[in-house]
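Grab your favourite viewer and work through the exercises below. Try each task before you read its solution.

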Amino acid sequence: ELDKLAERLRTRFDKITFNALPDNTLEIVSSEAGSYLDWLAALSYLDTIAPQVRWAIRDLCVGRECGGTLMRAAVSGERVTFKMPEVLKPDEALGQKS
């Protein structure tokens, strides 16, 4: 699913690089100083397009210390799902068959 999210983000933010990594981490990277606002917007947009996912930032770096890029964020997500409880009929609740 990260590959699908990365592709969707690529179409919206063409100056930013999105890499779905094998450890279920999405890397959001840019080497262009002028794309800082797009990079921030991409991080925010990720939460918008996948509201069922709780995102955690594993790594966040901005500046010359980022190892060859100016901006890098690595985020991982956990899908959150809720299921409505089954409502039992009064006979089923008492263990009686109808």
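Contact, throughout these exercises, means heavy atoms within 4.5 Å. This is a predicted model, where local features need pLDDT of at least 70, side-chain atom pairs count only at pLDDT 80 or more, and totals for chains, interfaces and linings use all residues. Residues are numbered from 1 along each chain as its sequence is written, and side-chain values use heavy atoms, with hydrogens and water left out.

**Exercise 1. Find what Ser-35 touches, leaving aside its neighbours within four places in sequence, and say whether Ser-35 is buried or exposed.**

Step 1: locate the residue. Ser-35 sits in the loop between β2 and α2. Helices (H or I, at least four residues) and strands (E, at least two) are DSSP runs, numbered from the N terminus.

Step 2: list the partners. With neighbours within four places in sequence set aside, Ser-35 is in contact with Lys-15, Ile-16, Ser-30 and Met-71.

Step 3: check the accessibility. Buried means under 20% relative accessible area, exposed over 50%, and partly exposed in between (1.4 Å probe, protein chains only). Ser-35 comes out at 0%, so it counts as buried.

**Exercise 2. Write down the order of the elements and describe the overall dimensions of the chain.**

Step 1: count. The chain has three helices and four strands, and from the N terminus on they run α-β-β-α-β-β-α.

Step 2: get the extent. The C-alpha trace spans about 70 × 25 × 20 Å along its principal axes.

Step 3: compare with a globule. The radius of gyration is taken over C-alpha atoms, and the globule rule is 2.2 Å times the number of residues to the power 0.38. For a compact globule of 98 residues you'd get a value near 13 Å, but this chain has 20 Å.

Step 4: look at burial and contact range. Buried residues make up 32% of the 98 residues. Among contacts with a separation of 6 or more, 49% come from residues 24 or more positions apart.

**Exercise 3. Which residues have the most contacts inside the largest nonpolar core, and which element gives the most to this core?**

Step 1: set the rule. A nonpolar core is a set of buried Ala, Val, Leu, Ile, Met, Phe, Trp, Tyr and Cys residues joined through side-chain atoms within 4.5 Å.

Step 2: apply it. The largest such core has 20 residues, and Leu-9, Phe-18, Leu-26, Ile-28, Leu-46 and Trp-55 have the most contacts inside it.

Step 3: assign elements. Two or more residues each come from α1, β2, α2, β3 (53-62) and β4 (71-79). The most come from α2, with five residues.

Step 4: zoom in. Leu-9 is in contact with Phe-18, Leu-26, Ala-42, Tyr-45, Leu-46 and Ile-49, leaving aside neighbours within four places in sequence. Ala-6, in helix α1, touches Phe-18 and Leu-26 when residues up to four places away are not counted. At 0% relative accessibility, Ala-6 counts as buried. The C-alpha atoms of Ala-6 and Phe-18 are 5.4 Å apart, with their positions 12 residues apart along the chain.

**Exercise 4. Classify the pair formed by the rings of Phe-13 and Tyr-45.**

Step 1: pick the descriptors. A pair of aromatic rings is described by the distance of the centres and the angle of the planes. Rings of Phe, Tyr and Trp (its six-membered ring) pair if their centres lie within 6.5 Å; planes under 30 degrees apart count as stacked, over 60 as edge-to-face and the rest as tilted.

Step 2: apply the cut-offs. The structure holds two aromatic pairs. For Phe-13 and Tyr-45 the centres are 5.8 Å apart and the planes stand at 70°, so this pair is edge-to-face.

Step 3: place the partners. Phe-13 is in the loop between α1 (2-12) and β1 (17-21) and Tyr-45 is in helix α2 (residues 36-49), so the pair ties together parts 32 residues apart in sequence. Both Phe-13 and Tyr-45 are buried.

Step 4: check for a charge. A charge sits over a ring if NZ of Lys or CZ of Arg is within 6 Å of the ring centre and within 35 degrees of the ring normal. The charged end of Arg-12 sits over the ring of Tyr-45, 4.4 Å from its centre.

**Exercise 5. What is the phi of Asn-24, and is Asn-24 buried or exposed?**

Step 1: read the backbone. Asn-24 has a positive phi of about 60°, although it is not a glycine.

Step 2: add the setting. Asn-24 is in the loop between β1 and β2 (25-30), and at 54% relative accessibility Asn-24 counts as exposed.
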